[in-house]
Amino acid sequence: MNNSKTIPLSVPNLSIDILNNVKETIETGWVSTGGRFIKEFEDKIAKYVGLERSISTQSGTAGLHLALRVLDVKEGDEVIVPTLTFIAAVNPVRYVGAEPIFMDCDDTLNMDMDKLDKFLKNECNLVDGKVINKLTGKQIKAILAVHVFGNPLNMEKLMKIREEYKLNVIEDATEALGSYYLEGKYKGKHCGTIGDIGVYSFNANKIITTGGGGMVVSKNHQLLDKVAFLGVQAKTDPLYFKHDEVGYNYRMTNIQAAFGTDQIDKLESFIETKIRNYNFYKEAIENIEGLSLLPFKQDTRSNHWFYSVIVDKQKYGIDRDELLKNLNDNHIQTRPLWGLIHTQKPYINNQIYKLEKAEFYETNLINIPCSSNLNENEVNIVIEKLRDFRRK
Ligand SMILES: *Cc1c(COP(=O)(O)O)cnc(C)c1O
């Protein structure tokens with residue numbers, strides 16, 4: 001039995017060709033925030049998601065921070081966010097001095113749009129066109145929603161809410177590059193391109209990687225100009241170093257972009273592999289009593305970034321944590337869902353609206369190996385273990 005090699009959860013899929021690009025950055029000396037790969041990568045991402053422009057950043061987190069800044073979210077404001085997400089989606093709200101309000105998920109793992117609607121209707125007042133939270137008296141400025149695991153959000157509903165309440169929408173599409181809608185009002189539109197601003201991430205565990213990096217997209221050129229401006233220390237006069245605002249050193253480097261321009265060309269083939277492996281898992285897991293593989297949203301082409309399995313302890317015989325331990329002990333790297341953000345120390349005093357579903361998923365979900373370089377043989381090893389560990 002080949003038990004020595006660990007099957008990782010999600011690892012980069014890099015090709016050695018990238019060395020040609022990296023070599024060029026060394027030979028030309030363009031290793032920092034200038035150089036041809038940055039523009040090339042920004043143009044490729046914009047073209048891929050069907051927009052004119054995009055602005056690269058050091059990370060997805062930096063992109064989200066800039067998004068909040070340019071939408072004028074500031075001290076004393078509130079932003080509606082999901083509790084079921086990676087904490088990087090929420091921390092930038094605090095960076096600008098605002099407070100998050102946590103929303104529950106629905107069975108897609110994404111923000112529950114019906115609850116969001118109810119919250120705005122029942123718990124807020126419209127005063128002079130501003131949405132005021134009855135509980136705190138503070139103004140809600142934006143909704144920051146996440147396409148969790150690459151599963152597209154219900155953007156039709158979210159954009160209706162945006163119209164009704166005149167709230168800005170930030171799409172955290174850090175996990176959803178390559179996901180788009182196949183039907184409805186946003187047919188053909190990519191996740192991240194529908195709200196006011198969208199953000200992608202190229203951290204090492206994301207679907208393509210630049211080591212670390214992010215990209216901000218929008219149809220609104222003024223917002224993008226501002227993102228670019230704040231990302232380079234808000235330099236008003238490039239020659240005489242004039243600065244009228246507090247900016248950041250948030251731009252991507254040419255070395256990161258040298259990875260990116262190569263990776264983006266492979267994205268479609270990565271997604272193909274992800275979908276193929278997902279379907280292998282699906283066929284097998286359907287026949288393991290007590291386990292179910294969460295589907296991706298219908299009428300979308302999801303990038304299938306992360307696969308989620310729900311463990312029903314009654315039917316499977318052991319609970320999620322025992323399965324998690326067994327798999328990890330047997331060299332199959334799996335992980336639980338993130339700890340819900342409203343339970344994390346910095347946020348325990350923040351408002352949470354009608355929590356019902358997120359806790360269930362937090363307790364019963366595992367993510368199983370899903371790298372785009374995972375082969376069929378490895379998928380079969382994982383499946384075999386999932387069958388073996390059932391106790392009934
Ligand atoms: C990865 C991720 C981020 C942050 O991206 P980085 O590039 O790692 O800063 C933000 N939100 C979510 C939901 C993520 O998964």
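This is a short tour of the structure in your viewer, one selection at a time. Keep in mind that you're looking at a predicted model.

**Stop 1: the two domains**

Start by colouring residues 16-266 one way and 267-388 another. The domain assignment of the protein calls these domain 1 and domain 2. Measure between their C-alpha centres and you should get 25 Å. Now show the residues where the two meet: domain 1 brings 50 residues to the contact and domain 2 brings 41.

How much area do domain 1 and domain 2 bury between them? About 4000 Å², with 61% of it on carbon and sulfur atoms. Next, select Phe102, Phe149 and Ile207. This trio supplies 20% of the area that domain 1 buries against domain 2, more than any other three residues. Hang on to Phe149, as we'll meet it again.

**Stop 2: charged and polar links across the interface**

Stay at the boundary of domain 1 and domain 2 and switch on side chains. Two salt bridges turn up across this interface, along with 32 residue pairs in polar contact. If you'd like to see which pieces of domain 1 are involved, highlight helix H4 (91-95), strand E3 (99-103), helix H5 (113-123), strand E8 (180-181) and H8: each gives two or more residues to the side that touches domain 2.

For a salt bridge to look at, pick Asp107 and Lys357. Their side chains meet at 2.8 Å, N to O.

**Stop 3: aromatic rings**

Now select the Phe, Tyr and Trp side chains. The whole structure holds 12 aromatic pairs. Zoom in on one of them, Tyr281 and Tyr307. Their ring centres are 5.5 Å apart and the planes make an angle of 70 degrees, an edge-to-face arrangement. Why does this pair tie together separate parts of the chain? Tyr281 lies in helix H8 (residues 254-285) while Tyr307 lies in strand E15 (residues 307-311), so the pair links parts that are 26 residues apart in sequence.

Are these two rings buried or exposed? Tyr281 has 0% relative accessibility, so it counts as buried. Tyr307 is also at 0%, so buried is the word there too.

Then add Phe149, Trp305, Phe306 and Trp338 to your selection. Ring pairs join these four into a cluster. Phe149 is the residue from the interface trio at our opening stop.

**Stop 4: Asn367**

Which strand holds Asn367? Look in strand E18 (residues 365-368). With 0% relative accessibility, Asn367 counts as buried. Turn on its polar contacts: the Asn367 side chain reaches the backbone oxygen of Tyr307 at 3.1 Å, and a 3.4 Å polar contact joins it to the side chain of Ser308.

Widen the view to everything that Asn367 touches, leaving aside residues up to four places away in sequence. You'll find Leu9, Phe149, Phe306, Tyr307, Ser308, Thr334, Arg335 and Pro336. Some are familiar from the ring stop: Phe149 and Phe306 belong to the cluster, and Tyr307 is part of the edge-to-face pair.

**Stop 5: Ala62**

Finish in helix H3 (residues 60-70), where Ala62 lies. Ala62 has 4% relative accessibility, and therefore counts as buried. What does Ala62 touch, not counting residues up to four places away in sequence? Thr57 and Tyr250. As a last check, draw a distance from the C-alpha atom of Ala62 to that of Ala89: the two are 27 residues apart along the chain and separated by 10 Å.

Technical notes
Residues are numbered from 1 along each chain as its sequence is written. This is a predicted model: local features need pLDDT of at least 70, side-chain atom pairs count only at pLDDT 80 or more; totals for chains, interfaces and linings use all residues. Side-chain values use heavy atoms; hydrogens and water are left out. Rings of Phe, Tyr and Trp (its six-membered ring) pair if their centres lie within 6.5 Å; planes under 30 degrees apart count as stacked, over 60 as edge-to-face and the rest as tilted. Helices (H or I, at least four residues) and strands (E, at least two) are DSSP runs, numbered from the N terminus. Buried means under 20% relative accessible area, exposed over 50%, partly exposed in between (1.4 Å probe, protein chains only). Domain bounds come from an automatic or database domain assignment. Contact means heavy atoms within 4.5 Å. Buried area is the accessible area (1.4 Å probe) that two parts lose on being put together, summed over both. A salt bridge is a side-chain nitrogen of Lys or Arg within 4 Å of a carboxyl oxygen of Asp or Glu. A polar contact is a pair of N or O atoms within 3.5 Å; within protein, one must be able to donate a hydrogen and the other to accept it, and residues adjacent in sequence count only if both atoms are side-chain atoms.
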